[in-house]
Amino acid sequence: QLQIVESGGGLVQPGGSLRLSCAASGRSLDFYVIGWFRQVPGKEREGVACISRGGTSTNYADFVKGRFTISKDNAKNTVYLQMNSLKPEDTAVYYCAAEFTTYSIDYNQCQPEGMDYWGKGTLVTVSS
C-alpha cells in the first residue's frame, strides 16, 4: 500500500511562491505517475501538473504553465510542486495522487479517475 502525505501549503501574498511536497511511503515511486490536483469548494477537482514515473517528462494545465514546476526526487521518494507568481485564483486545496503504471517511463498523463492513491490535501491561500 502506498501512503501519500502533502505539505507546504499556507497563506501567501499574490505574486509570491510556495513549494508543495508530496512524500510517499510504503512503496517506491518507480512505477507510479504522480499528479497534483486542486479543488475549490463547489467545483470539480482539476488537474494541475503530472510527472512521469521516470521523472523526465511533465505535463501542465494551461493555467499554470510558466508558473508552476513539478519535479521528482527518487532518492527521497518525493514529488514537489514549485509554485511561483501565485494568483488569488490559485487558492484551493492541493492534492497529490499516484497511479501505478507499467507504461513508458515518459508517460505523463494524469486523470483524477485513474489515480490509485490520494493524499489528504494541503490548503493554499493566495491573498493580500
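## Disulfides, pocket and aromatic contacts

Numbered in sequence order, the bonded cysteines of the protein pair as 1-3, 2-4. The model is a predicted one, and the count of disulfides in it comes to two.

The table sets out both links.

| Disulfide | Sulfur–sulfur distance | Torsion about S-S | Hand |
|---|---|---|---|
| Cys 22 and Cys 96 | 2.0 Å | about -70 degrees | left-handed |
| Cys 50 and Cys 110 | 1.9 Å | 60 degrees | right-handed |

**The disulfides**

The link of Cys 50 and Cys 110 joins distant parts of the chain, 60 residues apart. Cys 50 belongs to strand 5 (residues 46–51), while Cys 110 sits in the loop between strand 9 and strand 10 (117–118). Both Cys 50 and Cys 110 are buried.

In the other link, the sulfur atoms of Cys 22 and Cys 96 are 2.0 Å apart. Cys 22 is part of strand 3 (residues 18–25) and Cys 96 part of strand 9 (residues 92–100), so this disulfide ties together parts that are 74 residues apart in sequence. Cys 22 has a relative accessibility of 1% and therefore counts as buried, the cut-off being under 20%. Cys 96 is buried as well, with a relative accessible area of 0%.

**The largest pocket**

Cys 110 also appears at the largest pocket, where Gly 47, Val 48, Asn 59, Cys 110 and Gln 111 are the lining residues that lie nearest the centre. The lining has 13 residues, and the volume of the pocket is about 170 Å³.

Which strand gives the most to this lining? Strand 5 does, with four residues. Strand 4 (32–39), strand 5 and strand 6 (58–60) each supply at least two residues. By class, nine of the lining residues are nonpolar and four are polar, and none is charged.

**Aromatic pairs**

The count of aromatic pairs comes to six. One of them joins Tyr 32 and Tyr 117, with ring centres 6.1 Å apart and planes at 65 degrees. Why is this pair edge-to-face? The angle of 65 degrees between the planes is over 60, so the pair falls in that class.

Tyr 32 lies in strand 4 and Tyr 117 in strand 10, so their contact ties together parts that are 85 residues apart in sequence. Tyr 32 counts as buried at 2% relative accessibility, and Tyr 117 counts as buried at 16%.

Tyr 103 and Tyr 107 form another edge-to-face pair, at 4.7 Å centre to centre and with 80 degrees between the planes. Is Tyr 107 buried or partly exposed? Its relative accessibility is 25%, so Tyr 107 counts as partly exposed, a class that lies between the buried limit of 20% and the exposed limit of 50%.

Tyr 32 and Tyr 117 also belong to one aromatic cluster together with Phe 31 and Phe 100.

**Arginines over rings**

Two arginines lie over aromatic faces. Arg 19 is over the face of Tyr 80, at 4.1 Å from the ring centre. Arg 45 is over the face of Trp 118, at 4.6 Å from the ring centre. Arg 19 falls within the residue range of strand 3 (residues 18–25), the strand that holds Cys 22.

Methods:
Residues are numbered from 1 along each chain as its sequence is written. This is a predicted model: local features need pLDDT of at least 70, side-chain atom pairs count only at pLDDT 80 or more; totals for chains, interfaces and linings use all residues. Side-chain values use heavy atoms; hydrogens and water are left out. A disulfide is a pair of cysteine sulfur atoms within 2.5 Å. Buried means under 20% relative accessible area, exposed over 50%, partly exposed in between (1.4 Å probe, protein chains only). On a 1 Å grid over the protein atoms alone, a cavity is a set of points where a 1.4 Å probe fits but cannot get out, and a pocket is an open set with protein on both sides within 12 Å along at least five of seven lines; lining residues have an atom within 4 Å of a point. Grid points are joined across faces, edges and corners, and a volume is the space filled by probe spheres set on the points. Ala, Val, Leu, Ile, Met, Phe, Trp, Tyr, Cys and Pro count as nonpolar, Asp, Glu, Lys and Arg as charged, and the others, Gly among them, as polar. Rings of Phe, Tyr and Trp (its six-membered ring) pair if their centres lie within 6.5 Å; planes under 30 degrees apart count as stacked, over 60 as edge-to-face and the rest as tilted. A charge sits over a ring if NZ of Lys or CZ of Arg is within 6 Å of the ring centre and within 35 degrees of the ring normal.
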